[in-house]
Amino acid sequence: MYRYDQYDQAMVDARVAEFRDQTERRLSGQLSEAQFRPLRLMNGLYLQLHAYMLRVAVPYGTLSGRQMHMLAHIARKYDRDYGHFTTRQNIQYNWIKLADAPDILADLASVEMHAIQTSGNCIRNISSDQYAGVAADEVADPRPLSELLRQWSSFHPEFTYLPRKFKIAVISSKTDRAAMRLHDIGIELVKKDDEIGAKVFVGGGMGRTPMIAPEIRDFVPFNEVVSYLEACLRVYNRYGRRDNKYKARIKILVHEMGADEYRRQVEEEFAHMKTLGLDPPVAELERIAAHFAPPPYETGLSDEIDLSDRDFAAWVGSQVAPHKVPGYAIVNISLKPIGGIPGDASSAQIDLIADLAEKYSFDELRVTHAQNIVLAHVKKSDLYAVWKALEEADLGTANLDLISDIIACPGLDYCSLANARSIPVAQKIAKRFSDLDRQKELGELKLKISGCINACGHHHAGNIGILGVDRKGVENYQLLLGGSGAEDVSLGQITGPGFDEDGIVDAVEKATNVYLANRTEGERFVETFRRIGMAPFKEALYG
Amino acid sequence: MNILTGNDLATGDVIWWTGEGWSRHVNDAVDVGDRGSEIAQVELAARHVNEAYVIDAAQTADGIRPTHIKERIRALGPTVRLDLSLKPADPTAGNWVI
């Protein structure tokens, strides 16, 4: 994985010193809150419902064991012994003291991490495929480009004050595990005439106006991607709606301008950008790529797995994915125990996962946008030992992509923007469907819950989505069906009037019953919905 | 009744105006009538509080209860982690919020 060079480290260290000074000036009264707020937000420090919240960037979701141990240390020393992994592949701490924030950033910097650009109207953490480098169907490893874009976008002076926040995802497989087309810019690495390049989608997003990004260019040569994205951002920076926060995202610009006209303007700008020599030299691309060379896999390993332990076999069937190297497997660690809080992990659990990464997965792990953790390179002969360790730490739930593998934002339990609680709804649904055989009978069913219209819980992209709203001071939950954040991307449709907290759990069960009654052989929930439409579901829900 | 709330500048803790200072317990809050913004300005300037504002609340048999659910959750803590709330020993504390 990527290691900081002297420039990366110097930039991060300088930011820590700067923020330490700013914090001291705030605490001593030299800075007002109005002056300090944008400074702390630039360092990922929010003031949330109960306390300060720190959002730490995990670049394209990738961490070393040492970095993961540091996340546990921060949870233990500065917070309340846990952290929350988010749909942006980051981690958030909910109980931070302002005076501790500079020390936390210094601790993070000591392991090449930071919280820069995890807030504000700038380019946020680049997200990517958690199976990067190990998926059998990828055309190239998406991490070198993700890292290049991290460096390009960090402290980019022209894009520090965009009309609104900006999110980029990079994938390289036909299988989309990163909700790529629901980002401001989605990049799919593709091969054309044996050359690797980027297919670029612009103007996707969720929030109050969900949109699927249209394709803006079918191929940008790899060594020109930076210039092309610079052009995309420049057109947005010039014409984005700064007059109205709710119309300021690039999706609104592309929609209002039209994809063809946006594309034309980007091409014009791109032609200009290419004359400026912005793209990195091949040597720099090779330097970055070298950090992502495959680890020293053993050869001649067996692909056999002893599945005589039924519980282990169930876990393997659910949580283990094929690896491109014989004898190895990808392990998905569920942070969704039945009745637990989606994405939360205690410091002990975080430490344990770091230990497992160090011992069994070449010291590397990934955070997924579905709020789980991946060990990307585990020998099949080590799977049983990994599972036993996870089981003992309440991390052995076998529910990947099943109905209890719920994405949920922190909701009104933590978030000052939320209108309703998300987590209790997730817990009740998981308990309702706690029987694993029942979940498997339902098959792949992605359920996603947001506590407000900002859609941090990706409800638009849920096969079943739930949106919490405030109806005259009372929590109410709208149900959406038919969304997908995968390669068959689609936006969920609202079924009708909302439900109370218990009612939404019943409604989800009714929707699954309609699916079971109507599905054809091998048909997933979302496919059945697309085939039979909303009417049977409405009939079951509202009579 | 109108009560004044905000967050402690240094710790971020949710705090409530008691008439003499700030408390982490909503039951210590006092009715500030129409003096909320005046008190808030003084306290903000003294850096005793951050982002102070006035909310509606009611005096009940169980104590002071903010009108809106968001403020009740602020007053208690996350309903899904009552061990971290101000009533960690009370398993029914979440009912107070809903």
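These are my notebook entries on one nonpolar core and some strands in a predicted model.

**Conventions.** I number residues from 1 along each chain as its sequence is written, and chains are lettered from A and ligands numbered from 1 in the order in which they are written. In this predicted model, local features need pLDDT of at least 70 and side-chain atom pairs count only at pLDDT 80 or more, while totals for chains, interfaces and linings use all residues.

**Core.** I looked up the largest nonpolar core (buried Ala, Val, Leu, Ile, Met, Phe, Trp, Tyr and Cys residues joined through C-beta atoms within 7 Å; buried means that 20 or more other C-beta atoms, placed from the backbone, lie within 10 Å of a residue's own). It has 185 residues, of which Leu54(A), Val202(A), Cys232(A) and Ile353(A) touch the most other members. Helix H6 (residues 225–239) of chain A gives the largest share of this core, nine residues; helices are DSSP runs of H or I with at least four residues, and strands are runs of E with at least two, numbered from the N terminus.

**Strand E14 of chain A.** I then checked both faces of E14 (residues 364–367) and found them covered, with Glu364(A) and Arg366(A) buried on one side and Leu365(A) and Val367(A) buried on the other. Strand E3 (residues 62–64) of chain A is joined to E14(A) by three bridges and runs antiparallel to it (strands pair if DSSP finds at least two bridges between them), and here Thr62(A) has Arg366(A) as its bridge partner. E14(A) also pairs with strand E15 (residues 373–379) of chain A, antiparallel and over two bridges, where Val367(A) stands opposite Ile373(A).

Definitions and conventions: Buried ≥ 20, exposed ≤ 12 C-beta atoms within 10 Å, placed from the backbone.
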